Amino acid sequence: SFMSGLGLRMERDALMPLVRAGEDDELRDGVVMVVHAMHERRIVEDKSLLPLQAPAGLRLRLVDSDSSANQEEQIVDYTAIIGIDEARALVDELVAERLKRFPIEQRRAVAVLVKRLLRPNLESNRLETIRRREAARNAVKTVLLPIDPGETVLRQGERITERHLVV
């Protein structure tokens, strides 16, 4: 019932090592530590799409647990962001490193459980992106430079200046 409450489906055999461990506080703390470490990572569904979708970087809105956004951050370096597959591999590494004192069956069960809980925690907000693009587009003022009829804008052989580029 606990697993279904989390929206997870797992084979009973996969969880038995954890069930048999009973109320082992050290094992529970180890699971919480791995889950917390993964929760702190910035995870996307497919990292290879980031440079294509946002070549100039991302504007990341940090949302509190009550769903209020109180801070934003600009990200141009994607090295700290990992894809979901990389995150799953990292779970195996963390479990092997931080829970090495536990039997392999328990470590395997923890890894399976944490991987099932793992979800991308960075997602694009297409509506907000469209809203901000429109706002930026609307904020640009049209500039008209008066040019009299017959006025020469550029003569043959003349160097192009910034004014020429504006006209």
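# A guided tour from aspartate 92

Start by selecting aspartate 92, which is partly exposed, with a relative accessible area of 36%. Keep in mind as you go that this is a predicted model. The side chain of aspartate 92 meets that of lysine 115 in a salt bridge, at 2.8 Å from N to O. This pair links distant parts of the chain, since aspartate 92 sits in helix 5 and lysine 115 in helix 6, 23 residues apart. Lysine 115 is partly exposed too, at a relative accessible area of 25%.

**The whole chain**

Zoom out for a moment. The chain holds eight helices and four strands, and from the N terminus its elements run α-α-α-β-α-β-β-β-α-α-α-α. Of its 167 residues, 26% are buried. Take the contacts between residues at least 6 apart in sequence: 63% of them join residues at least 24 apart. The accessible surface is about 12,800 Å², with 52% belonging to carbon and sulfur atoms.

**Helix 5**

Now select residues 84–98. At 1.5 Å a residue, the 15 residues of this helix should span 21 Å, and the end C-alpha atoms are indeed 21 Å apart. Which residues of helix 5 are buried? Colour Ile84, Ala87, Leu90, Val91, Leu94 and Val95 to see them. Looking down the helix axis, you will find these buried residues within an arc of 140°, so they line one face of helix 5. Asp85 and Glu93, on the other side, are exposed. To see what the buried residues pack against, show helix 3 (25–39), strand 1 (42–44), strand 4 (81–83) and helix 6 (104–117).

**Strand 4**

From that set, pick isoleucine 81 in strand 4. Is isoleucine 81 buried or exposed? Its relative accessible area is 1%, so it counts as buried. Leaving aside neighbours within four places in sequence, its contacts are Arg42, Val44, Lys47, Leu50, Leu58, Ile75 and Leu122. Arginine 41 is another residue to display here: it lies 40 residues from isoleucine 81 along the chain, with 7.3 Å between their C-alpha atoms.

**Helix 6**

Next, go to helix 6. Its 14 residues should span 20 Å at 1.5 Å a residue, in agreement with the 20 Å between its end C-alpha atoms. Its buried residues are Gln106, Arg107, Ala109, Val110, Ala111, Leu113 and Val114. Isoleucine 104, also in helix 6, is partly exposed at 39% relative accessibility. Add proline 17 to the view: 87 residues separate it from isoleucine 104 in sequence, but the C-alpha atoms are 9.3 Å apart in space.

**Salt bridges in helix 7**

The count of salt bridges comes to 11. Select arginine 131 and glutamate 128, whose closest N and O atoms are 2.6 Å apart in one such bridge. Both lie in helix 7, three residues apart, about one turn of the helix. Arginine 131 is partly exposed at 46%, whereas glutamate 128 is buried at 16%. A second bridge joins glutamate 134 and arginine 137, with the closest N and O atoms 2.5 Å apart. This pair, too, is in helix 7 with a spacing of three residues. An α-helix has 3.6 residues a turn, so residues three or four places apart point the same way. Glutamate 134 is partly exposed at 37%, and arginine 137 is exposed at 51%. Then highlight Arg59, Glu72, Glu128, Arg131 and Arg132, which salt bridges with shared partners join into one network.

**Last stop: a nonpolar patch**

Finish with isoleucine 160, in the loop between helix 7 (126–139) and helix 8 (162–166). This residue is exposed, with a relative accessible area of 56%. Together with Ile147, Val153, Leu154 and Leu165, isoleucine 160 forms a nonpolar surface patch of about 460 Å² of accessible area.

Methods
Residues are numbered from 1 along each chain as its sequence is written. This is a predicted model: local features need pLDDT of at least 70, side-chain atom pairs count only at pLDDT 80 or more; totals for chains, interfaces and linings use all residues. Side-chain values use heavy atoms; hydrogens and water are left out. Helices (H or I, at least four residues) and strands (E, at least two) are DSSP runs, numbered from the N terminus. The expected span of a helix is 1.5 Å times one less than its number of residues. Buried means under 20% relative accessible area, exposed over 50%, partly exposed in between (1.4 Å probe, protein chains only). The arc is that of the directions from the helix axis to the C-beta atoms. Contact means heavy atoms within 4.5 Å. Patches are made of residues with over 30% relative accessible area and no salt bridge: like charges are joined within 9 Å, nonpolar side chains (Val, Leu, Ile, Met, Phe, Trp, Tyr) within 5 Å. Accessible areas come from the Shrake-Rupley method with a 1.4 Å probe; for residues, only the protein chains shown count as cover. A salt bridge is a side-chain nitrogen of Lys or Arg within 4 Å of a carboxyl oxygen of Asp or Glu.
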